[in-house]
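Visitor: I am new to this structure and would like to know how each description of it is justified. Could you take me through the reasoning step by step?

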There are 2 protein chains.
Amino acid sequence: MLPENTRRSLPMALLHAREAVMARFRPMLAAHDVTEQQWRVLRVLSEAGPVEATELADRASVLPPSLTRIIKALEGRKFITRNKAEGDGRRVVLTIAPAGSTLIDALSPERRVIYDDIEQRFGHEKLEQLLDLLESLIEGEG
Amino acid sequence: MLPENTRRSLPMALLHAREAVMARFRPMLAAHDVTEQQWRVLRVLSEAGPVEATELADRASVLPPSLTRIIKALEGRKFITRNKAEGDGRRVVLTIAPAGSTLIDALSPERRVIYDDIEQRFGHEKLEQLLDLLESLIEGEG
DNA sequence: TGCATGTAATTAACGCGTTAACTACAACAA
DNA sequence: TTGTTGTAGTTAACGCGTTAATTACATGCA
């Protein structure tokens, strides 16, 4: 059945939900001149160590063309370093730089506060339930 | 508590879920050279009749600057018409045109099939549950 | 070795999201 | 009537999403 009102439309609901959540994080990122995607890339590099571009794009949920632009921006600010992979001139290896680690460390506490607040207001049980449903939806459609 | 793996991160999960769902609709829209946002605007105009720009942007979940661009594109293809409101030279009234209605009618059956398929694979119960949780999340954060 | 095929990354083109600035008009008060 | 304040839309600037094309390098086969 088609959703009659847009509020019960799944694509719309997912869009609005994401907007609502990201609105909480955006000011923090904007204060440090980092976009949401740049932040995801930094986090992956921080947690996973040196990674090749393809894997980085996959882990950070960013498309290759976007990653190219993000790498340029982050490299320009010395948050990351970019090197060719030894043994394969096509591949590129990205590594987080000290300035990048510093930013991660600086923002993590604030990030924790925001996430905790969302979890507390929404409810731990409901959050787990929602994550389960989303995971199931992704599995089924992907 | 911070999500340790990105798969259990709420923003990520919402992003992926939306991606997964939209992937089903995108080919249909692309086949008719209509973007997702243009489609939302057309649907609102189709269901709600002539509407002013501000209300249209709100209903279609599109920001004003985006709406300006969308209006240009849709007007250029004669899918909608754009007129000044009588009595207030600032306001703009948008109306769906015959070509726009034709597109809506042409795509609605296909849209129904896709939506039904998602609901069947995911489960009616779970879909309702998911929509409830999303609505609750939006309420709490918005 | 040389050529075809495949792969990683980049570039290009276009549209939307986001924020801020700007224009045009309306409403209201002096 | 005039000047101020407020509102509706638009424009501008920048970054990302998306798709397609392109470049650089690897790999495999003759």
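Visitor: How do the residues of the surface near DNA strand C divide into nonpolar, polar and charged?

Guide: This is a predicted model, and in it the surface near DNA strand C is made up of 11 nonpolar, seven polar and eight charged residues. The residues surrounding DNA strand C number 26, and the closest are Ala53(A), Thr54(A), Pro65(A), Ser66(B) and Gly89(B). Both chains take part, since at least two residues each come from H1, helix H3 (53-59), helix H4 (64-76) and strand S3 (88-96) of chain A, and from helix H2 (36-48), helix H4 (64-76) and strand S3 (88-96) of chain B.

Visitor: What surrounds DNA strand D, and which residues come nearest?

Guide: Around DNA strand D there are 25 residues, of which Ser66(A), Gly89(A), Ala53(B), Thr54(B) and Pro65(B) come nearest. By class, this surface holds 10 nonpolar, seven polar and eight charged residues, and H4(A) gives the most to it, with five residues.

Visitor: Why are the two copies said to be related as by a two-fold rotation axis?

Guide: Chain B is superposed on chain A by a rotation of 180° with 0.0 Å of shift along the axis, leaving an RMSD of 0.1 Å. The two copies are therefore related as by a two-fold rotation axis. The same surface serves both of them, in that 100% of the contact residues of chain B recur in chain A.

Visitor: Which residues touch the most other members of the largest nonpolar core?

Guide: That core has 24 residues, and those touching the most other members are Leu14(A), Ala17(A), Leu134(A), Leu14(B), Ala17(B) and Leu134(B). Helix H1 (10-31) and helix H6 (124-141) of chain A, together with helix H1 (10-31), helix H5 (98-122) and helix H6 (124-141) of chain B, each supply at least two of its residues. Setting aside neighbours within four places in sequence, Ala17(B) is in contact with Leu14(A), Leu134(A), Leu137(A) and Ile138(A). Another core, of 20 residues, lies apart from the largest one, and among its members are Leu67(A), Phe79(A), Leu94(A) and Ile96(A).

Visitor: Does Glu139(B) count as buried or exposed, and what makes it so?

Guide: A residue is exposed if 12 or fewer other C-beta atoms lie within 10 Å of its own, and Glu139(B) has 10 such neighbours, so Glu139(B) counts as exposed. Glu139(B) lies in helix H6 of chain B, and from C-alpha to C-alpha it is 26 Å from Leu42(B), with their positions 97 residues apart in sequence numbering.

Key: Residues numbered from 1 in each chain as written. Chains lettered and ligands numbered in written order. Predicted model: local features only at pLDDT ≥ 70, side-chain atom pairs only at ≥ 80, totals over all residues. Least-squares fit on C-alpha atoms with pLDDT ≥ 70 in both. Contact = placed C-beta atoms within 7 Å. Core = buried A, V, L, I, M, F, W, Y, C linked by C-beta atoms within 7 Å. Helix = DSSP H or I, 4+ residues; strand = E, 2+ residues; numbered from the N terminus. Near = placed C-beta within 6 Å. Nonpolar A, V, L, I, M, F, W, Y, C, P; charged D, E, K, R; others polar.
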